[in-house]
Amino acid sequence: MTSIPGPTSKEILSKLNQYQDTRSVFFVADYAKSMGNYIVDADGNTLLDVFAQIASIPVGYNNPNFLALSQQPAFQTALANRAALGVNPNVDWVDSIERAFMSVAPKGMDNVFTVMCGSCANENAFKTAFIYKAAKKRGDREFSTLELDSCMHNQAPGTPDDMSILSFDKAFHGRLFGSLTATRSKAIHKIDIPAFDWPKASFPQLKYPLEDHVEHNQKVEADALKEVEDLIQNSSKTVAGLVVEPIQSEGGDNHASPDFFRRLQAICQKNDVLFIVDEVQTGVGATGTFWAHEAWNLPSSPDMVTFSKKFQAAGFYLHPRLRPTQPYRLYNTWMGDPVRALQAAAIVKEIEDKDLLNNVKNVGQYLQENLQEMAKTTPIENIRGQGAFIAFDLPDSKERDEFLMDMRQRGVNIGGCGDRTVRLRPMLTFQLPHADILLDTMRASFA
């Protein structure tokens, strides 16, 4: 292997940097040569990939069924003729909706709104919450002349200044204006950008191993829930929706118990606040269930569930009662992408045909067990995970960053999150032999 990034990567980056900022780039990839769980870089180095394009590759590079999809006439038609789906959906669009999205819709969620990315999904979910809340307040009457005129000046009452979305400390929901306001993970994401005056609650910071800190963890969860209810009931702005990640991914892989989320939903229902679950990073099998929130055993489904990343397509599920009364309230030119919807349908089929959810559970358990053993002789701590969606901490950010760089030099592409966390984001096709390579490489790095 060459160093990572190697000379060819550096040469390409030097050229690319004339036109685009390349300071975030690990290395330049050669996707034509990448295969399965392995990514190949511009210098010909092959790396086991447990970062997977920031958790967005579900079934491996150059998956044969994905490549075969490109030969199908329906795929070629969608590629050659991109539809403005809100105006002229293609004759097979409803088939794609059913095969890709509704076949795996969270229980009780009968509508889906498709968009372009995770930030777009959350942004439109927030809009839906505001539209719903305003409609309830307005009742059966039509928009008033004052509302219609004032909104054109960004002023109340047409542009309400008394509603908000409640999110959590350490959360990440995107980089658009509403989603960035709800994001609280890193200052560099938010600095210099105007934001809405929306509240945030503390997310429980659990201690590990869980069995040794039961009392502490119950207390921090109870404290967070009390804070949420206090904010909802005492906020100067009506909380229209609450958004939460099943696992706070960018913020450091922060978990909470299923009981916490059940009680959180109950608080939302009690106070007429829409319960929005952001499954952009956790959805589509990474935790061993198709949707991470399935593990909560909620008494009823969330009000909205957003998705992107591993689904290739993006959007959010919602109840029919949340569909706006008027058209064009939720709308844009593309309203999704038929090409990505066909890919999403292929992903669902691959997951079902290859029994990949069980694979994720088995490999995840194996990884977690071995990491717990490794923690006895290495600096890793706070091992946590759901399925193969796993993380651990190192003593500080410097040691974490050095570990990530060293792992790449040893042939494993891996990423971090939070202040000192290493996150594992393997593909759903990651097998036990791949897990052994990862673990052996980690042991060599810590030796």
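Four bridges join strand β4 to strand β6, residues 238-244, and the two strands run parallel; I should say at once that this is a predicted model. Within that pairing, the bridge partner of Ser-164 is Val-239 in β6. Strand β4 is also joined to strand β5, residues 200-201, by two bridges, again with the strands running parallel, and here Phe-168 stands opposite Ala-201.

If we now ask how much of β4, residues 163-168, is covered, six of its six residues are buried. Both faces contribute to this, with Met-163, Ile-165 and Ser-167 buried on one side, and Ser-164, Leu-166 and Phe-168 buried on the other.

Two of those residues, Leu-166 and Phe-168, come back when we look at Leu-242, which, leaving aside its neighbours within four places in sequence, is in contact with both of them and also with, among others, Val-228, Leu-264, Cys-268 and Ile-276. Leu-242 is in turn one of the residues with the most contacts inside the largest nonpolar core, which has 83 residues, and Phe-101, Leu-264, Phe-311 and Tyr-317 are listed alongside it. Apart from that core lies another, of 23 residues, including Leu-367, Ile-383, Phe-430 and Leu-439.

Finally, let me turn to Pro-106, which sits in the loop between α5, residues 93-101, and β3, residues 111-115. Is this loop residue buried or exposed? Pro-106 counts as buried because its relative accessible area is 6%, under the 20% cut-off. Not counting residues up to four places away in sequence, Pro-106 touches Trp-291, His-293, Val-305 and Tyr-317. Tyr-38, by contrast, is 68 residues from Pro-106 in sequence and 31 Å from it in space, C-alpha to C-alpha.

How values were computed. Residues numbered from 1 in each chain as written. Predicted model: local features only at pLDDT ≥ 70, side-chain atom pairs only at ≥ 80, totals over all residues. Heavy atoms only, no water. Core = buried A, V, L, I, M, F, W, Y, C linked by side-chain atoms within 4.5 Å. Buried < 20%, exposed > 50% of the residue type's maximum accessible area, 1.4 Å probe, protein only. Contact = heavy atoms within 4.5 Å. Pairing = 2+ DSSP bridges.
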